[in-house]
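Here is a friendly walk through a protein model for someone meeting it for the first time. Have a look at the picture, and then we'll take it piece by piece.

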Amino acid sequence: MTEEILKVSDLRLNFYTYEGVVQALDGVFLNLRKGETLGIVGETGCGKSVTGLSILNLVPPPGRIEGGQVVLERKGREVELLTEKEVFLRRVRGRDISMVFQDPRSALDPVYTAGDQIVEVLLHHRTKELIQETIERLDKQDEGVRKETEGVKKIESEKQAKSGKKVKREKPGFLHNFYKNTLQALLKNPRSLRLKIMRRIPILNGYRRLVKKEAKNEAVEILRIMRIPDPERVVGMYPHELSGGMAQRVVIAMALACDPDILIADEPTTNLDVTVQLQILQLIKELKERFSSSIIYITHDMGVVAEMCDRVAVMYAGSVVELAEVGEVFKEPLHPYTRALLESIPRPGLPFKSIEGIVPSLINPPKGCRFNDRCPYAMEVCHTVKPKSVEVKKNHFVECFLHE
């Protein structure tokens, strides 16, 4: 797990509000290796979710990415996503990088069924594959009809020999062959003038229904992989008819429908009860192995990080203050904020310990290290200069003057 599939460097993001400029991300750096799960952990408002959105260049207004790079390894070459056009990014989102959003209710459209929303993803990214599968299904139908016809002909020939009457041969349906030929033409040249004209004629564009039917069959199979009972019924259900756990599984199904290389999971177990949380976490671990995806798991729960992740990035007020292997962070945390975060985990028989102070306003953040007003080890330099990320040990990075 040493080959990098994603690299984020010096990522800066501001939100321009009436109250002032919110400096949400202040030089974030991350790297994701193939086949690993990278956790991003920190307090509410530290920039975890907007980091995930920035990777996909999906920051909502009034947010604006002011600098940095997001480099994705795609088909053997490196692509800088922040400089690419929207047309290209639409091919990347869902196909190369997918995101499971925090609230499944807001991620699902209430006026479309669960199946329709999965089908939409499939049709957008996997049209050629679905057309090929539809042609193969039609070929199998033709082969079945041919064998059945040969059997009938044999019986009818015997009857004809006895009765002397001529048997009328059944020919394949015109539309069946027409749709099949049209699908084959689509694979060769999907932008031909003939196909553009046919799309406007209802009786001739029936081939699209065949492809959509194939996509719906795929949606049912994906829901079955998500361990949703009776997936044939669930594809026809609307979001308000689904429980919280089922809605989250549908969102995960949409994200994994096109077998992406990277899955960004933004607190996917929020607002779910403990038993369902465990099921979702276990499902994500199994799906990671099944689809060979790399995962960025965003959470505020250090227990989930210990269970799910290979490495962890600790964020505070828009900066990654520590990045290392999970075991290393729990065994020997180097940044004062990481130590305070681990000490604040409730333990039986010990008094509860919280981090003193409050998260600073990002409209007017502290100069230098943003943790300086809450840090017991703060020095004079911490109030004037922002520390750089240094590699204290192998693959253990930290932003702190205590270790420069």
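Let's begin with a pair of helices. The crossing of α4 and α10 is right-handed. Keep in mind that this is a predicted model. Helix α4 covers residues 114-125 and helix α10 covers residues 244-256; their axes lie 9 Å apart and the two pack at an angle of about 15 degrees. Because of that angle, α4 counts as roughly parallel to α10, the cut-off for that word being under 35 degrees.

Who does the touching? On the α4 side you'll find A114, Q117, I118 and V121, and they meet V250, A253 and M254 of α10. Sorted by type, the residues of this contact come out as six nonpolar, one polar and no charged. As background, an α-helix has 3.6 residues a turn, so residues three or four places apart point the same way.

While we're in α10, take a look at Q248, which also lies in that helix. Q248 has a relative accessible area of 0%, so it counts as buried. Leaving out residues up to four places away in sequence, Q248 touches V100, F101, Q102 and P104, and also P268, T269, L272 and I280.

**The bigger picture**

Now step back a little. The protein has 14 helices and 12 strands. Its chain has 404 residues, and 47% of them count as buried. The protein exposes about 21,900 Å², with carbon and sulfur atoms supplying 53% of that area. And how much of the contact list comes from residues 24 or more positions apart? Among contacts with a separation of 6 or more, such pairs account for 66%.

For one pair set apart in sequence, try F178 and Y207. They are 29 residues apart along the chain, and their C-alpha atoms are 8.6 Å apart in space. F178 is found in helix α6, residues 174-188, and with a relative accessible area of 16% it is buried.

**Two enclosed helices**

Which residues of α1 are buried? They are K48, V50, T51, G52, L53, S54 and I55. That is seven of the eight residues of α1, so this helix is largely enclosed by the rest of the structure.

Helix α14, residues 336-343, gets a similar description: six of its eight residues are buried, so it too is largely enclosed by the rest of the structure. The buried ones are P336, Y337, T338, A340, L341 and L342. What do they pack against? The buried residues of α14 pack against helices α12 (302-308) and α13 (326-331), along with strands β9 (311-316) and β10 (319-325).

A lysine is worth a stop too. K288 is in helix α11, residues 274-291, and its relative accessible area of 12% makes it buried. Setting aside neighbours within four places in sequence, K288 is in contact with G35, E36, T37, S293, I295 and D310.

**Backbone oddities**

Most residues other than glycine have a negative phi, and most peptide bonds are trans. With that in mind, here are some spots that go the other way.

Where is the cis peptide bond that involves P62? It joins P61 and P62, and its omega is about 10 degrees. P62 is found in the loop between α1 (48-55) and β4 (63-74).

Then there are positive phi values, gathered here:

| Residue | Phi | Place |
|---|---|---|
| D10 | about 50 degrees | strand β1 (residues 4-16) |
| N57 | about 55 degrees | just after α1 |
| N395 | near 60 degrees | loop between β11 (389-393) and β12 (396-399) |

So are D10 and N395 tucked away or out in the open? D10 has 39% relative accessibility, so it counts as partly exposed. N395 has 27% relative accessibility and counts as partly exposed as well.

If you want somewhere to start in the viewer, find α4 and α10 and look for the contact between A114, Q117, I118 and V121 on one helix and V250, A253 and M254 on the other. From there, Q248 in α10 is a good next stop, and then you can move on to α1 with its seven buried residues.

Definitions and conventions
Residues are numbered from 1 along each chain as its sequence is written. This is a predicted model: local features need pLDDT of at least 70, side-chain atom pairs count only at pLDDT 80 or more; totals for chains, interfaces and linings use all residues. Side-chain values use heavy atoms; hydrogens and water are left out. Helices (H or I, at least four residues) and strands (E, at least two) are DSSP runs, numbered from the N terminus. Buried means under 20% relative accessible area, exposed over 50%, partly exposed in between (1.4 Å probe, protein chains only). Contact means heavy atoms within 4.5 Å. Accessible areas come from the Shrake-Rupley method with a 1.4 Å probe; for residues, only the protein chains shown count as cover. Axes are lines fitted to C-alpha atoms, for helices over the stretch in contact, and angles run from 0 to 180 degrees between N-to-C directions. Angles under 35 degrees count as roughly parallel, over 145 as roughly antiparallel, 65 to 115 as roughly perpendicular and the rest as oblique. A crossing is left-handed if the near helix is turned anticlockwise from the far one by less than a right angle, and right-handed if clockwise. Ala, Val, Leu, Ile, Met, Phe, Trp, Tyr, Cys and Pro count as nonpolar, Asp, Glu, Lys and Arg as charged, and the others, Gly among them, as polar.
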